[in-house]
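Colleague: Please take a close look at the surroundings of the ligand in this model. I would like the contacts, and then whatever side-chain pairing involves the same parts of the chain.

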Amino acid sequence: MNLIVFGAPGAGKGTQSAYLIETYRIPAIATGDMLRAQRRAGTALGDQVKGYMDRGELVPDSLMVDITKDRLQQSDARDGFILDGFPRTVAQAEALDAMLDQLRRRIDAVIYLRVSRQVLIDRLSHRYSCRTCDAVYNFRPDQARALPRCTVDGGELYQRPDDHPEIVARRIDVFLKHTAPLIDYYTAQHKLENIDGQMSVAEVRADITRRLAGIRKGAGSR
Ligand code: AP5
Ligand code: MG
């Protein structure tokens, strides 16, 4: 399976990708996580993208296309991949189609997690992430006074700087302006699976599993 998990900031892309990794045994290529790892490592690329990320803006297409192209060619992505956070512009989607053509591969489905602005804002205000592995947690303000350590690697939990309410509003505007046009792009390719991302995590997971099973069955019978 070659999948894209698509949606606004806080739509649940990372949350659902974690289940897809388990189900299909393929890696998630999460561009936001990759960029944060570069920043943690203090690389030149990390320095270059910091300003864009902290302002809630998109990193330039040329950089993102190069990073993704390299990652897609690594051996663990040979039998499939889950793209989380890429593509984010029509230019990135066109570049992805071109790079997959070269590799003689194609996207099987684009899972669009549809969530209202108010729910996105609410979710991100309660989200805490691990500083070292990006694992995601939720805490109410009273619980957040004594935060535990990450259960995956014991890292410190923190609120991403781009989860500040003003930056969240900006990220959602950027999504609507630059990324939402991909809904039409992938609808035209008959690849979009439009999912109600406001159901519970388990219900969203079940809906994705059901739809992907249908796609696999369809591919098998062709
Ligand atoms: P990135 O890290 O990709 O951020 P994002 O797209 O804004 O998405 P998030 O990670 O904030 O949300 P998510 O959809 O993963 O939600 P999650 O599962 O955590 O990108 C960061 C930045 O990097 C960008 O702003 C940009 O600067 C740059 N960048 C990255 N890729 C780029 C590209 N291709 N081009 C240009 N720039 C790029 O869930 C959110 C919260 O909701 C969690 O607390 C979770 O527990 C909760 N939750 C999830 N599902 C549910 C549910 N069903 N019910 C209730 N709660 C739920
Ligand atoms: Mg994410």
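Modeller: What follows starts at the ligand and works outward through the charged pairs, the aromatic rings and the backbone. Keep in mind that this is a predicted model.

The shell around ligand 1 holds 32 residues, and those that come nearest are Thr15, Glu57, Arg88, Asn138 and Arg171. By residue type, the shell divides into 12 nonpolar, 11 polar and nine charged.

Three polar approaches to oxygen atoms of ligand 1 can be listed. The side chain of Asn138 places an N or O atom 2.5 Å from a ligand oxygen. For the side chain of Arg171, the corresponding distance is 2.7 Å. Gly14 takes part through its backbone, with a polar atom 3.0 Å from an oxygen of ligand 1. As for cover, ligand 1 would expose 1,000 Å² if taken alone, and the protein buries 92% of that. Elements giving two or more residues to the shell are α1 (13-24), α2 (31-40) and β6 (136-138). Helix α2 gives the largest share, four residues.

Helix α2 also carries charged pairs. Side chains of opposite charge can pair when their charged atoms come close. Within α2, Asp33 and Arg36 form a salt bridge with an N to O distance of 2.8 Å. These two residues are separated by about one helical turn, because they are three residues apart in the helix. Is each partner buried or exposed, given that under 20% relative accessible area counts as buried? Arg36 has 11% relative accessibility and is therefore buried, while Asp33, at 31%, counts as partly exposed.

A second salt bridge leads out of α2: Arg40 pairs with Asp134, the closest N and O atoms being 3.5 Å apart. Arg40 belongs to helix α2 and Asp134 to the loop between β5 (127-130) and β6, so this pair ties together parts that are 94 residues apart in sequence. Asp134 is buried, at a relative accessible area of 10%, and Arg40 is partly exposed at 38%.

The structure holds 19 salt bridges, and another of them sits in helix α9 (residues 201-221), where Asp207 and Arg211 are four residues apart, about one turn of the helix. Their side chains meet at 3.1 Å, N to O. Asp207 is buried with a relative accessible area of 11%, and Arg211 counts as partly exposed at 23%. Elsewhere, Arg127, Arg160, Asp162, Asp163 and Arg171 are joined into one network by salt bridges that share partners. Arg171 thus appears twice in this account, since its side chain also has an N or O atom 2.7 Å from an oxygen of ligand 1.

Turning to the rings, the count comes to five aromatic pairs. One of these is formed by Phe6 and Phe175, with 5.8 Å from centre to centre and 45° between the planes, a tilted arrangement. The pair links distant parts of the chain, with Phe6 in strand β1 (residues 2-7) and Phe175 in helix α7 (residues 165-179), 169 residues apart. Phe6 is buried at 4% relative accessibility, and Phe175 is buried at 8%. Together with Tyr112, Phe6 and Phe175 form one aromatic cluster.

The backbone has a few points to check. Most residues other than glycine have a negative phi, and most peptide bonds are trans. Phe86 and Pro87 are joined by a cis peptide bond, with omega about -5°. Pro87 is placed in the loop between β3 (81-84) and α5 (90-102). Arg104 has a positive phi, near 55°, and is found in the loop between α5 and β4 (109-114). Its relative accessibility is 78%, so Arg104 counts as exposed. His190 also has a positive phi, near 60°. His190 lies in the loop between α8 (181-188) and β8 (192-196) and is exposed, with a relative accessible area of 75%.

To return to your request, the part of the chain to follow from the ligand is α2, which gives four residues to the shell, holds the Asp33 and Arg36 pair and contributes Arg40 to the salt bridge with Asp134.

Notes:
Residues numbered from 1 in each chain as written. Chains lettered and ligands numbered in written order. Predicted model: local features only at pLDDT ≥ 70, side-chain atom pairs only at ≥ 80, totals over all residues. Heavy atoms only, no water. Near = heavy atom within 4 Å. Polar contact = N/O pair within 3.5 Å; in protein donor to acceptor, adjacent residues only side chain to side chain. Areas by Shrake-Rupley, 256 points an atom, 1.4 Å probe, with all protein chains shown as cover. Nonpolar A, V, L, I, M, F, W, Y, C, P; charged D, E, K, R; others polar. Salt bridge = Lys/Arg side-chain N within 4 Å of Asp/Glu carboxyl O. Buried < 20%, exposed > 50% of the residue type's maximum accessible area, 1.4 Å probe, protein only. Phe/Tyr/Trp six-rings, centres within 6.5 Å; stacked < 30°, edge-to-face > 60°.
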